[in-house]
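Let's work through a few exercises together. Have a look at the sequence and the structure first, then try each task before you read its solution.

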Amino acid sequence: MKLAVYPGSFDPVTNGHIDILERTSKLFDKIVVAVIHNVSKQALFTPQERADLIRESTKHLPNIEVECFSGLLADYVSGKHACAIIRGLRTVIDFEYEMQMAMWNRVLIPNLETIFVMSDSKYTFVSSSGVKEAALLGGNVSSLVPEVVERGLLAKLTIIRQNKEG
Ligand code: PNS
């Protein structure tokens, strides 16, 4: 079975990520979306919330599983017996960081491939951080994220506003 891991922060998942999954789910028997639990990085959504949002948003893709992980990606990928890591590329700005990561992971697991997939051109500017910033300032991001994520962002915005008032 050809299994690939699609790792990331996914804080939160965007339509760009979903586009990558729709493209790559045709290439592998199974894809495990691995949501990093990075204690040193402040996230808007908890790892569990992020994973649930991805599960909800990929119900139309039967060969996708979602898990949380922490630590070294290479260890996680080895444990899964995956043959590839999937990463999305938007513009050339992504390239340098992605190349370094791919090289690190190749040093740690020599026979592992990192597969770069380009999302649809309409998502080249879409990032989780951009979506968060716009949504938390009251912007409409409905064309950029799955509906369930939009609802999640609105819920976070309400909590933030209540905390400010209280
Ligand atoms: O969505 P992101 O934030 O760009 O994802 C980055 C991620 C989670 C793929 C990357 O930070 C990662 O692999 N972290 C785990 C630690 C690791 O294995 N680093 C690479 C070797 S230095």
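Below are five exercises, each with a worked solution.

This is a predicted model, in which local features need pLDDT of at least 70, side-chain atom pairs count only at pLDDT 80 or more, and totals for chains, interfaces and linings use all residues. Residues are numbered from 1 along each chain as its sequence is written, and side-chain values use heavy atoms, with hydrogens and water left out.

**Exercise 1: two helices that meet**

Work out how helix α2 and helix α6 cross, and which residues make the contact.

Solution. Start by finding the two helices: α2 covers residues 47–57 and α6 covers residues 147–165. Helices here are DSSP runs of H or I with at least four residues, strands are runs of E with at least two, and both are numbered from the N terminus.

Next, take the axes, which are lines fitted to C-alpha atoms, for helices over the stretch in contact; angles run from 0 to 180 degrees between N-to-C directions. The axes of α2 and α6 come within 9 Å and cross at roughly 150 degrees. Angles under 35 degrees count as roughly parallel, over 145 as roughly antiparallel, 65 to 115 as roughly perpendicular and the rest as oblique. So α2 and α6 are roughly antiparallel to each other.

Now for the residues, where contact means heavy atoms within 4.5 Å. From α2 come Glu-49, Leu-53, Glu-56 and Ser-57, and they meet Val-148, Val-149 and Lys-156 of α6. Sorted by class, this contact has 3 nonpolar, 1 polar and 3 charged residues. For the sorting, Ala, Val, Leu, Ile, Met, Phe, Trp, Tyr, Cys and Pro count as nonpolar, Asp, Glu, Lys and Arg as charged, and the others, Gly among them, as polar.

**Exercise 2: a closer look at α6**

Check the length of α6 against its expected span, then list its buried residues.

Solution. The expected span of a helix is 1.5 Å times one less than its number of residues. The 19 residues of α6 should therefore span 27 Å, and the end C-alpha atoms are 27 Å apart, which agrees.

For burial, look at relative accessible area: buried means under 20%, exposed over 50%, and partly exposed in between (1.4 Å probe, protein chains only). The buried residues of α6 are Val-148, Val-149, Gly-152, Leu-153, Lys-156 and Leu-157. An α-helix has 3.6 residues a turn, so residues three or four places apart point the same way. As for the cover over the buried residues of α6, it includes α2 and α5 (128–136).

**Exercise 3: cysteines**

How many disulfides are there?

Solution. The rule asks for a pair of cysteine sulfur atoms within 2.5 Å. By that rule, the count comes to 0 disulfides. You can also check how open two of the cysteines are: Cys-68 is partly exposed at 33% relative accessibility, and Cys-83 is partly exposed too, at 31%.

**Exercise 4: backbone oddities**

Find where the backbone does something uncommon, and say whether each positive-phi residue is buried or exposed.

Solution. First, the background: most residues other than glycine have a negative phi, and most peptide bonds are trans.

Then go to the loop between β1 (3–8) and α1, where Pro-12 sits. A cis peptide bond joins Asp-11 and Pro-12, with omega about 0 degrees. Phe-10 is found in the loop between β1 and α1, and its phi is positive, about 50 degrees, although it is not a glycine. With a relative accessible area of 3%, Phe-10 is buried.

Last, move to the loop between α3 (73–80) and β4 (84–89), where you'll find His-81. His-81 has a positive phi near 55 degrees, and at 68% relative accessibility it counts as exposed.

**Exercise 5: neighbours from elsewhere in the chain**

Which residues do Ser-25 and Glu-98 touch, not counting residues up to four places away in sequence?

Solution. Ser-25 lies in the loop between α1 (15–24) and β2 (30–36), and it's buried at 11% relative accessibility. Ser-25 touches Ile-31, Leu-61, Asn-63 and Ile-64.

Glu-98 is in helix α4 (residues 92–108) and is buried at 5% relative accessibility. The residues that Glu-98 touches are Arg-87, Leu-89 and Phe-116. Met-99, also in α4, is partly exposed with a relative accessible area of 35%.
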